[in-house]
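Please walk me through this structure step by step, beginning with one helix and its surroundings and then moving outward to the parts that touch it.

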Amino acid sequence: MGNQSTTTRTGVPPAEGQPVIRASQGLLEALAVIDVEGWDSEAATALLAYIRNDLVRPLTIDIGLRGGAASQAEATAWEAAWLKLCDPHLRSSRSPWGVIWQTARRAVLGEILAARWGTDWRRAWEHDAEERAGRRARPISLEPLLRDGIEPGTPESAREGTRPTPVSSALDLAAGALANSGWSTTKARRSSPRSRRWMKH
């Protein structure tokens, strides 16, 4: 009796027990228990811990994310996987683990696209598809402009008759956001020791 391992009645271990075995039947049995006992049950804890530690986290690393970006993508993918686990249609899938993996992978890639587009990851997928179809262009990055020593126009330059451009307007907004976050106005507008104002057109 002392040598017996502790498992639930479906063979899915509690959080501190044996590792979850990635097999379709085991997942479906675990979900059946969770349907009865809820997401606060030991079976749910074990399943969610396994998905985060053994599926989602290695996925973010394989894709190449590190640091804060990896943590954010991991949290997003874990949430997406949990929502998919709650989907009744998963029970009739021929490969439920494959569905979970694809869901997590799409969420991780969506976080990368969200950073590119500056929006949530679901909307970023739509923008990316529109860009590939030639219907939308990705927003210009400010970093190359700042590295070249270009800084946003000042109120003085506006009074001098300089017409704002889309890029200068974007830089003004970025500088304003930094200033609102606690940066000094001068520091927020400074791009490099050789910074200069926008050329007048």
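What covers the buried residues of helix 4? In this predicted model, the cover includes helix 1, helix 2, helix 3 and helix 5, and a walk around helix 4 is a convenient way to become acquainted with the chain.

The overall make-up of the chain comes before the details. The chain has nine helices and zero strands, and read along the sequence it follows the pattern α-α-α-α-α-α-α-α-α. Of its 201 residues, 31% are buried. Among the contacts with a separation of 6 or more, 56% are between residues that lie 24 or more positions apart.

Helix 4 itself covers residues 96-117. The 22 residues of helix 4 should span 32 Å at 1.5 Å a residue, and because its end C-alpha atoms are 31 Å apart, the two values agree. The buried residues of helix 4 include Pro96, Trp97 and Ile100, as well as Glu111, Leu113, Ala114 and Trp117. After helix 4 comes Gly118, whose phi is positive, near 70°.

A general point helps in reading the contacts that follow: two packed helices are described by the angle between their axes and the distance between the axes. Helix 1, which runs over residues 24-37, packs against helix 4 at an angle of about 80°, with the axes 8 Å apart. Since angles of 65 to 115 degrees count as roughly perpendicular, helix 1 and helix 4 are therefore roughly perpendicular to each other. On the side of helix 1 the contact involves Ser24, Leu27 and Leu28, and these meet Pro96, Trp97 and Ile100 in helix 4. Sorted by class, the residues of this contact of helix 1 with helix 4 are five nonpolar, one polar and no charged.

The packing of helix 4 with helix 5 can be described in the same terms. Here the angle is about 75° and the axes are 8 Å apart, which makes helix 4 roughly perpendicular to helix 5. Helix 4 contributes Arg106, Ala107, Leu109, Gly110, Glu111, Leu113, Ala114 and Trp117 to the contact, while helix 5 contributes Trp121, Ala124, Trp125, His127, Asp128 and Glu131. By class, the contact of helix 4 with helix 5 has eight nonpolar, two polar and four charged residues.

Two residues of helix 5 show this contact in detail. Trp121, placed in helix 5, has a relative accessible area of 13% and is therefore buried, given that buried means under 20%. Leaving aside neighbours within four places in sequence, Trp121 is in contact with Arg106, Ala107, Gly110, Glu111 and Ala114, among others, and its partners also include Thr76 and Ala80. The C-alpha atoms of Trp121 and Leu109 are separated by 8.3 Å, although the two residues are 12 residues apart along the chain. Asp128, also placed in helix 5, counts as buried because its relative accessibility is 10%. Not counting residues up to four places away in sequence, Asp128 touches Leu113 and Trp117, and from C-alpha to C-alpha it lies 9.7 Å from Gly110, which is 18 residues apart from it in sequence.

Between helix 4 and helix 5 there is a loop, and Thr119 has its place there. With a relative accessible area of 25%, Thr119 is partly exposed. Beyond residues up to four places away in sequence, Thr119 touches Ala114, Ala124 and His127.

Helix 2, another part of the cover over helix 4, runs over residues 42-63 and reaches 31 Å from its first C-alpha to its last, close to the 32 Å expected for its 22 residues at 1.5 Å a residue. A kink of about 30° is centred on Arg52 in helix 2. The buried residues of helix 2 include Ala43, Leu47, Ile51, Leu55, Leu59 and Thr60, and what covers the buried residues of this helix includes helix 1, helix 3 and helix 4. Thr60 is buried, with a relative accessible area of 1%, and, residues up to four places away in sequence not being counted, it touches Leu65, Ala70, Ala73, Glu74 and Val108. Helix 2 is followed by Gly64, whose phi is positive, near 110°.

Conventions: Residues are numbered from 1 along each chain as its sequence is written. This is a predicted model: local features need pLDDT of at least 70, side-chain atom pairs count only at pLDDT 80 or more; totals for chains, interfaces and linings use all residues. Side-chain values use heavy atoms; hydrogens and water are left out. Axes are lines fitted to C-alpha atoms, for helices over the stretch in contact, and angles run from 0 to 180 degrees between N-to-C directions. Helices (H or I, at least four residues) and strands (E, at least two) are DSSP runs, numbered from the N terminus. Angles under 35 degrees count as roughly parallel, over 145 as roughly antiparallel, 65 to 115 as roughly perpendicular and the rest as oblique. Contact means heavy atoms within 4.5 Å. Ala, Val, Leu, Ile, Met, Phe, Trp, Tyr, Cys and Pro count as nonpolar, Asp, Glu, Lys and Arg as charged, and the others, Gly among them, as polar. The expected span of a helix is 1.5 Å times one less than its number of residues. The bend at a residue is the angle between axes fitted to the seven residues ending there and the seven starting there. Buried means under 20% relative accessible area, exposed over 50%, partly exposed in between (1.4 Å probe, protein chains only).
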